[in-house]
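Here is a short set of exercises to work through with the model open beside you. Try each task before reading its solution.

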2 protein chains.
Amino acid sequence: MRITVLGAGYMGSAMATVAMKRGHDVRLWGTWLDDDLLDAVERGDVHPRLRLKLDGMRLLRAPKLDEALQGAELVLHCVNSDGAVPVMTKARTFLPDVPILSVTKGFLEGSKGKMVRIDQALAETAGRPLRFVHAAGPAKAIEIARSVLTWMVFAGSDARACSDALGGDHLHVELSDDLAGAEMCSALKNAYATGLGIWDGLVGKDAHNARAACFTQAIVEMRRLVTAGGGREATVVGAAGVGDLHVTAAAGRNRAFGERIGKGEPARDVAATMLAAGELTEGYAAIQTAWRFAREHNVSDLPFLRALNAVVWEGAQVAPTIAALRLG
Amino acid sequence: MRITVLGAGYMGSAMATVAMKRGHDVRLWGTWLDDDLLDAVERGDVHPRLRLKLDGMRLLRAPKLDEALQGAELVLHCVNSDGAVPVMTKARTFLPDVPILSVTKGFLEGSKGKMVRIDQALAETAGRPLRFVHAAGPAKAIEIARSVLTWMVFAGSDARACSDALGGDHLHVELSDDLAGAEMCSALKNAYATGLGIWDGLVGKDAHNARAACFTQAIVEMRRLVTAGGGREATVVGAAGVGDLHVTAAAGRNRAFGERIGKGEPARDVAATMLAAGELTEGYAAIQTAWRFAREHNVSDLPFLRALNAVVWEGAQVAPTIAALRLG
C-alpha cells in the first residue's frame, strides 16, 4: 500500500516507522520547517527528535507535495495545528480521495470566526468533505516507534481501513465512529495536562490528593465540553480521554510548561523560552482555544479550565487561583 | 458532635485530625495492634505513621471498645480489612445505631463462602443492618491531615450526615448513593495499581504508552466488575475510580509492591518483606480476592486482572505474561 505521511516531526516520523514495519511503500513529506530533520535522515543520522534511524522510506521536501501525494492510498496527517491549514491550502488540488488519518490536535478558527475542530477547518480549506479519521489515545511518538505497547483510538468512517494498514503487534487500535469526541479529547488533554503540571510546580510531591482531584475534575470538564461539541462521554472515559490525559500529565512538554507556571514564572515567558528551544507547548494555545470553544458553546461549569485560563492568559496569581478551585 | 474513630493507623489518625478541626468531641480507639502508635501519641511525640501530633482527642486502648463507642453520634471505621470482622465481633453488642463512615477496602469471605463487600460482611457479623457509608476517592491520609485539597466520595444512605460532620474547607465531599460501586472501586484500585507498578519495574520510564494503556484497561475492567457487583459505571469514571487509581498508581505501597514484582522478585517474597517492615500491601490480597469475586460473578473479560493473578498468585513469568496482554 502506498502511504504518504505529511509532516516529518515526532509523530510523522514515528507513524512512518510503523508503516514501514507493516511493509508499506512509505513517503515521508516534510513541511518547510522540517528541512533540518530530513537533512539529518538523509545523512544517515538518527532523526533529531525521534532519535532513531529511518530506513527505506522515500523523503520529500516541502516543494514536492504534489509528488508526495501522487498515488497515495492512505494519507497520514501529522502536521501540527499551526501548519494544518497552510499545508491543506497547498495540498487541496492534488489530494487524492483516500482516508486521511490525522494526529493533529487543537481547535482552529473557522470561516465564521468561531472555534472549530481540525477536520472541520480542513474540510473548509479543501472546499469538500474529507475522509478524515482522527487518531487519539496515549501514544508518545518515540514509544510507538520503539514498539512499546500502545492503545490508539481511530475515529471516523474510514477507521477500519486505517487500522488494517497500521494496527497489530504492539499497536492496539480501537475503532470508533466518534470523530468529534476523539478530536476534542486530543485537544483538551493538552490544556488539562498543563493544569496538572501546575500542581507539580506549586506543591511538588506532597499533593497527590490535589493532583488526583484535578485529574478527576479534568475528566468531568472534558465530558461536559465533548458532549457540548457533539461527542460522546464514553470516548472521554476511554483511551482517548482518560488514557491520553494520564500519559500527557505524566511526562512531556505540556506538563513541564505547567510545572514552571506553578513555580511562579509568567506563562508568556515560559512559552517563549520553550518555543525558542524547539519545544512546542501545545497546552499554552490549547487553554485559550478550549476556553473560547467553551464560551461559544455556552458550557459554563468549568472551574478548572476557567482557573487555567485566568492564570495562563489573564495574569491571575497562580497560588490563590488554584487554591480557590471548586471541584465537581 | 461525639465522633468515635475505630483504628488508629494512617487513616484513623488522619480522619480524627479532620474531625478535631471541625470542632467535634473525638475519641480515637486503637486496635490490639495499635498500642505502639498510641504510646507515641501519649508521650507527646508525633504519630509514628502520620508524622503529625494529635492533640485534643481522647485516646482509648483495645480493651476499652465499649467506652469508646458509648454515646457516639458518628463512627469512623478505619480498621483494615483483616481487622474489620474481629473488631465488629467485639463491637456488635454496644455499637450504637448511628452512621458508620468506613474507609475500609477489600472483599471478604461471607458466610456463604463467597466474596462479599465489607459492608455486607460487617452486617452479617453484627447480625443486623448497619447505617454504613463508604468513603472513597483519592485521599492519602497524610495529605488529608495536612489540609491538602482532597476529593472524597461518601456513598450510602447516611452520606449527607457524614459530610455535614466532616466536609468543607480542603475536604470536598461528593455525595453518592452507590455504596456498592464506591466500595468496589476502593478495593479494586489496589489490585490495578499494583499492576501499573509492574510496568514501572519491568520497563521503567520509557513505557508511558503501555502504562497509560493499562490505566485505561484497568478502568474498563473496573467498570465490568462494578456493574457485575451491582454498582454503577459513573462511580468508576469519577473520583472513586479514576481519581483513586491515579493517586494509588502514582505513589504508595501497592505501586511499590508491583514495581518490585516487575523487576522479577517473587510476589510472595516481596509481600513478606514489606509486611515485616510494617508496610501492608493491600494489592497482594486484593488481586486474589478480586479475581475470586470475578469468577463468582461470572465476569470473564478481564485480561489485565487475569494476568495479574497469574503473575502474583500462580507464579507466571512477569515479562511474557504482561507482554501478551490483550487490551480492550
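**Exercise 1. Which residue in β2(A) stands opposite A:T4?**

Before the solution, some ground rules. This is a predicted model, in which local features need pLDDT of at least 70 and side-chain atom pairs count only at pLDDT 80 or more, while totals for chains, interfaces and linings use all residues. Residues are numbered from 1 along each chain as its sequence is written, chains are lettered from A and ligands numbered from 1 in the order in which they are written, and side-chain values use heavy atoms, with hydrogens and water left out.

Step 1. Find the strands; helices (H or I, at least four residues) and strands (E, at least two) are DSSP runs, numbered from the N terminus. Two strands pair if DSSP finds at least two bridges between them.

Step 2. β1(A) and β2(A) run parallel and are joined by five bridges. Opposite A:T4 you will find A:R27 in β2(A).

Step 3. Carry on from A:R27, which stands opposite A:R58 in β3(A). β2(A) and β3(A) run parallel too, with three bridges joining them.

Step 4. Check the burial of β2(A), where buried means under 20% relative accessible area, exposed over 50%, and partly exposed in between (1.4 Å probe, protein chains only). Four of the five residues of β2(A) are buried, so the strand is largely enclosed by the rest of the structure.

**Exercise 2. Trace the strand order of the sheet in chain A, and find its edges.**

Step 1. Read across the sheet: this open sheet of eight strands has the order β3-β2-β1-β4-β5-β8-β9-β10 in chain A, with mixed pairing.

Step 2. Look for strands that pair on one side only: these edge strands are β3 (58-60) and β10 (171-176) of chain A.

Step 3. Follow the twist, which averages 25° from one strand to the next. Axes here are lines fitted to C-alpha atoms, for helices over the stretch in contact, and angles run from 0 to 180 degrees between N-to-C directions.

Step 4. Add helix α1 (residues 10-21) of chain A, which packs on the sheet and makes about 170° with the direction of β2(A). Among the strands α1 touches are β1 (2-6), β4 (74-77) and β9 (150-155) of chain A; contact means heavy atoms within 4.5 Å.

**Exercise 3. Follow β4(A) and its partners.**

Step 1. On one side, β4(A) pairs with β1(A) in the parallel sense over four bridges, and A:V5 stands opposite A:L76.

Step 2. β4(A) also pairs with β5(A), in the parallel sense over three bridges. Here A:V75 stands opposite A:I100.

Step 3. Trace the connection: the chain crosses from β4(A) through helix α4 (residues 81-91) of chain A to β5(A), a right-handed β-α-β crossover. Right-handed means that, with the strands pointing away from the viewer, the path from the first strand over the helix to the second runs clockwise.

Step 4. Now the side chains: A:L74 and A:L76 point one way from β4(A), A:V75 and A:H77 the other way, and all are buried.

Step 5. Continue to β8 (residues 132-136) of chain A, which pairs with β5(A) in the parallel sense over three bridges. The bridge partner of A:I100 in β8(A) is A:F132.

**Exercise 4. Is A:H24 buried or exposed?**

Step 1. Locate A:H24 in the loop between α1 and β2 of chain A.

Step 2. A:H24 has a relative accessible area of 14%, so it is buried.

Step 3. List the contacts of A:H24, not counting residues up to four places away in sequence: A:M1, A:I3, A:A19 and A:A165.

Step 4. The side chain of A:H24 reaches the backbone oxygen of A:A165 at 2.7 Å.

**Exercise 5. How is chain B related to chain A?**

Step 1. Superpose the copies by least squares on the C-alpha atoms of residues with pLDDT of at least 70 in both. A turn of 180° and a shift of 0.0 Å along the axis lay chain B on chain A with an RMSD of 0.0 Å.

Step 2. The two copies are therefore related as by a two-fold rotation axis.

Step 3. Find the residue of chain B that comes closest to the rotation axis: B:V237, at 3.2 Å (C-alpha).

Step 4. Compare the interfaces: 100% of the interface residues of chain B are also interface residues in chain A, so the copies meet through the same surface.

Methods
A polar contact is a pair of N or O atoms within 3.5 Å; within protein, one must be able to donate a hydrogen and the other to accept it, and residues adjacent in sequence count only if both atoms are side-chain atoms.
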